[in-house]
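Me: Please take me through selected features of this model, one question at a time.
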Amino acid sequence: MEVSEAGRNDCAMDLAHASDDNWGRLGCIMRAWGAFVIPLVVISVTAGCALMPTSGPAGVDVQAGTSNPDSLAYGFVKLTPQVVQILAASAPTLASAFSDRRVPGEIRFGVGDVVSVTIFEAAAGGLFIPSEAGVRAGNFITLPNQAVDHNGTISVPYTSGIRALGRTRTEVQQAIVDALKNRAIEPQVVVSLVDQRTSLISVLGEVRTPSRFPASAAGEHLLDAITRAGGPTGQGFDTWVMLERGRRREIVPFGALVYDPSNNIYAHPDDTIYVYREPQTFVAFGATGKQGQYNFDAWRISLAEAVGKADGLDDTRAEPGAVFLYRGEPRSVAKKLGIDVSKYSSPIIPVIYNVNFRDPSGYFLATQMQMQNKDVLYVSNATAVEATKFLTYVRLLVGTVNDPILAATNVYILRNTIKGTSTAVTIAGGAPAP
């Protein structure tokens with residue numbers, strides 16, 4: 001920054017009239033430094049906290065929302081009992097995704113299933129039982145085992161083929177009886193499933209014995225199916241279960257099946273159950289006791305427990321009323337929270353939740369607010385902390401500018417002292433004074 005013309009003129013006058021007066025020169029230098037320092041301090045005050053190092057946005061900036069059109073827009077929601085209830089009711093569950101909780105129906109035959117057919121007649125001399133029935137073990141015959149062919153049928157003598165694909169055992173039995181009743185003597189039929197090669201349940205992933213096994217005719221729950229595959233290989237709290245049925249897929253923590261029985265729904269034929277491990281984590285930034293990434297180490301934790309894992313709030317920096325939780329919510333949930341979703345094009349809406357720990361009831365809300373995988377916890381600095389950092393910066397700036405002035409002053413004082421001492425010694429020695 002250049003010294004003004006008036007400052008240069010003042011300095012020239014001081015230097016012209018001061019002659020050997022070093023104080024005049026010092027005054028000129030101080031005015032020159034003042035012309036540099038004052039504007040710099042004004043610029044610093046105008047810039048405010050933008051010049052200060054910090055770990056994140058101020059609480060008031062988060063609550064005000066984004067003002068930059070190029071920034072990502074987000075919804076801001078204050079944590080209240082109503083908000084906690086909405087989030088709890090909207091938590092993803094298998095019971096809500098797959099609403100049919102009934103026991104699966106009777107197993108239906110598919111292409112490749114191997115079946116056995118036994119035909120009974122009421123008396124000898126019929127279609128299958130010869131008149132010399134006494135030489136037989138009974139009034140029935142058993143056909144060789146056969147698989148349902150690609151046309152979906154099985155072969156039965158004296159019929160054009162019986163359709164089995166998509167039918168239950170009882171329905172196939174009745175179809176055979178209807179085809180033979182005009183030829184056999186009061187025929188009765190028993191159809192058995194010898195080798196079930198369709199209507200299977202697949203359990204894959206991190207289980208002890210991944211396999212594909214026949215669905216139980218009596219019905220079984222998801223935990224039963226996982227148990228048939230040997231159970232999870234790791235800890236349950238970091239294990240996830242994905243259920244794929246038809247064209248729908250849903251994922252829940254393994255703990256949700258264990259601790260919430262409504263999620264332990266019946267497994268259906270042709271279901272695919274995938275078990276995998278992925279530790280649930282959240283990250284903590286700002287004025288927490290310790291920043292970093294933390295594992296849940298449980299199948300779910302509350303916001304209060306998450307703050308505790310991060311060593312709580314730093315009482316020398318944190319603003320208790322500015323505790324924020326960053327999360328992406330589905331459009332349906334964001335709409336229930338009162339957010340205008342029309343200005344968002346993505347299916348996931350960025351939402352920032354705010355809990356006030358200055359309010360004693362805020363801790364109760366934090367214990368009810370459940371964390372989700374990959375949440376971001378942020379605690380803003382208090383306003384006094386930012387003001388203190390700014391004042392420290394100004395003090396450092398002023399001190400930096402003042403140090404050369406003090407050094408120059410000390411040099412001039414030392415020079416005058418040495419000059420005065422030399423003059424006194426010369427006069428004492430009889431030499432003429434200069």
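**Helix H6 and its surroundings**

Reply: In this predicted model, helix H6 has as its buried residues Val172, Gln173, Ala175, Ile176, Val177 and Leu180.

Me: Which strands do the buried residues of H6 pack against?

Reply: Helix H6 covers residues 169-180, and Val172 and Ile176 are among its buried residues. An α-helix has 3.6 residues a turn, so residues three or four places apart point the same way. The packing partners of the buried residues of H6 are strands S2 (114-120), S5 (153-154), S6 (162-163) and S7 (188-195).

Me: Is Thr118 buried or exposed?

Reply: Thr118 lies in strand S2. Beyond its neighbours within four places in sequence, it is in contact with Phe140, Ile141, Thr142, Gln188, Val189 and Val190. Buried means under 20% relative accessible area. Because its relative accessible area is 14%, Thr118 is buried.

Me: With which side chain does the side chain of Thr118 make a polar contact?

Reply: Thr142 is one of the residues in contact with Thr118. At 3.3 Å, the polar contact of the Thr118 side chain is with the side chain of Thr142.

Me: Which strands stand at the edges of the open sheet of six strands?

Reply: The order in this sheet is S1-S18-S17-S19-S15-S16, with mixed pairing. Each edge strand has a single partner strand, so one side of each is left without a neighbour in the sheet; these strands are S1 (75-78) and S16 (292-295).

Me: What is the bridge partner of Gly75 in S18?

Reply: Strands S1 and S18 (residues 348-355) run parallel and are joined by four bridges. In S18, Gly75 has as its bridge partner Val351.

Methods:
Residues are numbered from 1 along each chain as its sequence is written. This is a predicted model: local features need pLDDT of at least 70, side-chain atom pairs count only at pLDDT 80 or more; totals for chains, interfaces and linings use all residues. Side-chain values use heavy atoms; hydrogens and water are left out. Two strands pair if DSSP finds at least two bridges between them. Helices (H or I, at least four residues) and strands (E, at least two) are DSSP runs, numbered from the N terminus. The expected span of a helix is 1.5 Å times one less than its number of residues. Buried means under 20% relative accessible area, exposed over 50%, partly exposed in between (1.4 Å probe, protein chains only). Contact means heavy atoms within 4.5 Å. A polar contact is a pair of N or O atoms within 3.5 Å; within protein, one must be able to donate a hydrogen and the other to accept it, and residues adjacent in sequence count only if both atoms are side-chain atoms.
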